[in-house]
Amino acid sequence: MDLDLAGAELKSVLNRLRRAQGQISGVIRMIEEGRDCEEVVTQLAAASRALDRAGFAIIATGLQQCLTEMENGKRDGEDPEKMRARLEKLFLSLA
């Protein structure tokens, strides 16, 4: 299953990933500085949420594309049940 993220979708996912990247850098810096555990965990939770949201956005886009391709006949020969199982597995990997 190839993923084709278009303009606004791509920008949104990249923004979320960059935000998570900055937050993870902040967590590393906080640990190196010996910051308070509660502050570190709070920042780490924010980074985790940003990564989760990026993952869900990618999966949602993939689902949309697969449905569109099936409707347009571009997924001939691919077992819909197998595709559904693959997408479900991807979705659950973020849960």
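pLDDT is the predictor's confidence in each residue, from 0 to 100. The legends below describe a predicted model.

**Figure 1. Overview of the predicted protein and its confidence.** The protein averages a pLDDT of 82, and 84% of its residues score at least 70. It contains 3 helices and 0 strands, and from the N terminus on the elements follow the order α-α-α. Helix 1, residues 7–32, has the highest mean pLDDT among these elements, at 89. Helix 3, residues 80–93, has the lowest, at 78. Where pLDDT is low, the predicted coordinates should not be read in detail.

**Figure 2. Surface and contacts of the whole chain.** The protein has 95 residues, of which 22% count as buried. Its exposed area is about 6,800 Å², and carbon and sulfur atoms supply 55% of that area. Contacts between residues at least 6 apart in sequence were also sorted by separation: 67% of them join residues at least 24 apart.

**Figure 3. Close-up of Thr 61 in helix 2.** Thr 61 lies in helix 2, which spans residues 37–71. Is Thr 61 buried or exposed? Its relative accessibility is 9%, so Thr 61 counts as buried, the cut-off for buried being under 20%. The side chain of Thr 61 comes to 2.9 Å from the backbone oxygen of Ala 57.

**Figure 4. Close-up of the salt bridges around Arg 35.** The protein has 2 salt bridges. Side chains of opposite charge can pair when their charged atoms come close. In one salt bridge, the side chain of Arg 35 meets that of Glu 33, with an N to O distance of 3.5 Å. In another, Arg 35 pairs with Glu 39, and the closest N and O atoms are 2.9 Å apart. Glu 33, Arg 35 and Glu 39 are thereby linked in a network of salt bridges. How much of Arg 35 is accessible? The relative accessible area of Arg 35 is 41%, so this residue is partly exposed. Glu 39 is also partly exposed, because its relative accessible area is 35%. Both values fall in the range between the cut-offs of 20% for buried and 50% for exposed.

**Figure 5. Close-up of a nonpolar patch on the surface.** Which residues form the nonpolar patch? The patch consists of Leu 10, Leu 14, Leu 17, Ile 24, Ile 28 and Leu 51. Together these residues have about 440 Å² of accessible area. Helix 1 provides the largest share of the patch, 5 residues. Leu 10 is found in helix 1, and with a relative accessible area of 35% Leu 10 is partly exposed.

**Figure 6. Close-up of Leu 90 and Ile 59.** Leu 90 is located in helix 3, the element with the lowest mean pLDDT. The relative accessibility of Leu 90 is 39%, so Leu 90 counts as partly exposed. How far apart are Leu 90 and Ile 59 in sequence, and what distance separates them in space? In sequence, 31 residues separate Leu 90 from Ile 59. In space, the distance between the two is 7.3 Å, taken from C-alpha to C-alpha.

Notes. Residues are numbered from 1 along each chain as its sequence is written. This is a predicted model: local features need pLDDT of at least 70, side-chain atom pairs count only at pLDDT 80 or more; totals for chains, interfaces and linings use all residues. Side-chain values use heavy atoms; hydrogens and water are left out. Helices (H or I, at least four residues) and strands (E, at least two) are DSSP runs, numbered from the N terminus. Buried means under 20% relative accessible area, exposed over 50%, partly exposed in between (1.4 Å probe, protein chains only). A polar contact is a pair of N or O atoms within 3.5 Å; within protein, one must be able to donate a hydrogen and the other to accept it, and residues adjacent in sequence count only if both atoms are side-chain atoms. A salt bridge is a side-chain nitrogen of Lys or Arg within 4 Å of a carboxyl oxygen of Asp or Glu. Patches are made of residues with over 30% relative accessible area and no salt bridge: like charges are joined within 9 Å, nonpolar side chains (Val, Leu, Ile, Met, Phe, Trp, Tyr) within 5 Å. Accessible areas come from the Shrake-Rupley method with a 1.4 Å probe; for residues, only the protein chains shown count as cover. Contact means heavy atoms within 4.5 Å.
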